[in-house]
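The paragraphs below lead through a protein model step by step, from the pairing of its strands to individual side chains. Please keep the structure at hand while reading.

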Amino acid sequence: MSTRRPAVALAAVLITAAATASAVSAPAQATPDVAETPAKALATCFATTCHGLDPIETHCVDDAVTIDDVVLDGRIVRLRYSAQCRAAWAQLWYGKPGDRAYVRTVENGQTVAVNSITVMPWSGTSVYTPMVNDKDLKATACTEFDYLPDDTGTKCTIFY
């Protein structure tokens, strides 16, 4: 018996050590290092300095939300807004060449700024306008098509 006891004790120590080592060292895929997580880029503009700029290039799209969308003849126009940038833009989905989308801001019922984009044959079916300043203003996104009658050829989102 005295020869079995050290062997059992050694086996217990080895099993405990193996269990501890596997519990402490997790696989690399299970928990990524903080250093490996990419940092979110800061927006490069704010309010008036965003006017006319691209929401993707300025990182305003990073926190953007869709405020409202409307459908006209199978196309969807969305009013997109970035709180970090205090800017808005229009995004048109399923557009066809010649379709136009625009975003405009108003103050006291008067148009302050407008940016638009027209779908071109090479631009695909999803396009977006440059941004407009939306700080202390109201913005709306619209789409219009020349081939529809005037009273049905334009549709806009709510003002936000």
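Two strands are said to pair if DSSP finds at least two bridges between them. On that basis, four strands of this predicted model form an open sheet in the order 5-4-8-9, with antiparallel pairing. Strand 5 (110-118) and strand 9 (154-156) stand at the edges, and each has a single partner strand, so one side of each is left without a neighbour in the sheet. From one strand to the next, the twist averages 25°.

Before following this sheet in detail, it helps to place it in the whole chain. The protein contains one helix and nine strands, and from the N terminus on its elements run α-β-β-β-β-β-β-β-β-β. Of the 160 residues of the protein, 31% count as buried. Among the contacts with a separation of 6 or more, 53% come from residues 24 or more positions apart.

How far can each part of the model be trusted? The mean pLDDT of the protein is 81, and 71% of its residues reach 70 or more. Among the elements, helix 1 (residues 4-24) has the lowest mean pLDDT, 45, whereas strand 7 (residues 132-133) has the highest, 98. Over residues 7-37 the pLDDT is below 50, and this stretch has zero contacts in the model beyond near neighbours in sequence.

We can now walk across the sheet, starting from the edge formed by strand 5. Strand 4 (residues 100-107) and strand 5 pair in the antiparallel sense over eight bridges, and one of the paired positions is Glu107, whose bridge partner in strand 5 is Gln110. These two strands form a hairpin with two residues between them, and in the turn Asn108 has a positive phi of about 55°. On the way to the next strand of the sheet, seven bridges join strand 4 to strand 8, and these strands run antiparallel; here Val106 stands opposite Lys138 in strand 8. Strand 8 (residues 138-144) in turn pairs with strand 9 in the antiparallel sense over three bridges, and the bridge partner of Glu144 in strand 9 is Thr154.

In a regular strand the side chains alternate between the two faces of the sheet. A residue to examine in this setting is Thr140, which lies in strand 8. Is Thr140 buried or exposed? With a relative accessible area of 2%, Thr140 falls under the 20% cut-off and therefore counts as buried. A polar atom of the Thr140 side chain lies 2.8 Å from the backbone oxygen of Thr157. Leaving aside its neighbours within four places in sequence, Thr140 is in contact with Leu79, Tyr102, Val103, Arg104, Cys156, Thr157, Ile158 and Phe159.

The charged side chains offer another route through the model, which holds six salt bridges. Which side chain does Arg75 meet in a salt bridge at 3.0 Å, N to O? The partner at that distance is Asp73. The two residues differ in their surroundings: Arg75 is buried, with a relative accessible area of 3%, while Asp73, at 47% relative accessibility, counts as partly exposed. Arg75 also meets the side chain of Asp99 in a salt bridge, at 2.7 Å from N to O. This pair links distant parts of the chain, because Asp99 is in the loop between strand 3 (87-93) and strand 4, whereas Arg75 is in strand 2 (residues 75-82), 24 residues apart. Both Asp99 and Arg75 are buried.

A further salt bridge is formed by the side chains of Asp136 and Lys135, at 3.3 Å from N to O. Asp136 is exposed, with a relative accessible area of 60%, and Lys135 is partly exposed, with a relative accessible area of 33%. Returning to the other salt bridges, those that share partners join Asp73, Arg75 and Asp99 into one network.

Notes. Residues numbered from 1 in each chain as written. Predicted model: local features only at pLDDT ≥ 70, side-chain atom pairs only at ≥ 80, totals over all residues. Heavy atoms only, no water. pLDDT = per-residue confidence, 0-100. Contact = heavy atoms within 4.5 Å. Axes fitted to C-alpha atoms, helices over the stretch in contact; angles between N-to-C directions. Buried < 20%, exposed > 50% of the residue type's maximum accessible area, 1.4 Å probe, protein only. Polar contact = N/O pair within 3.5 Å; in protein donor to acceptor, adjacent residues only side chain to side chain. Salt bridge = Lys/Arg side-chain N within 4 Å of Asp/Glu carboxyl O.
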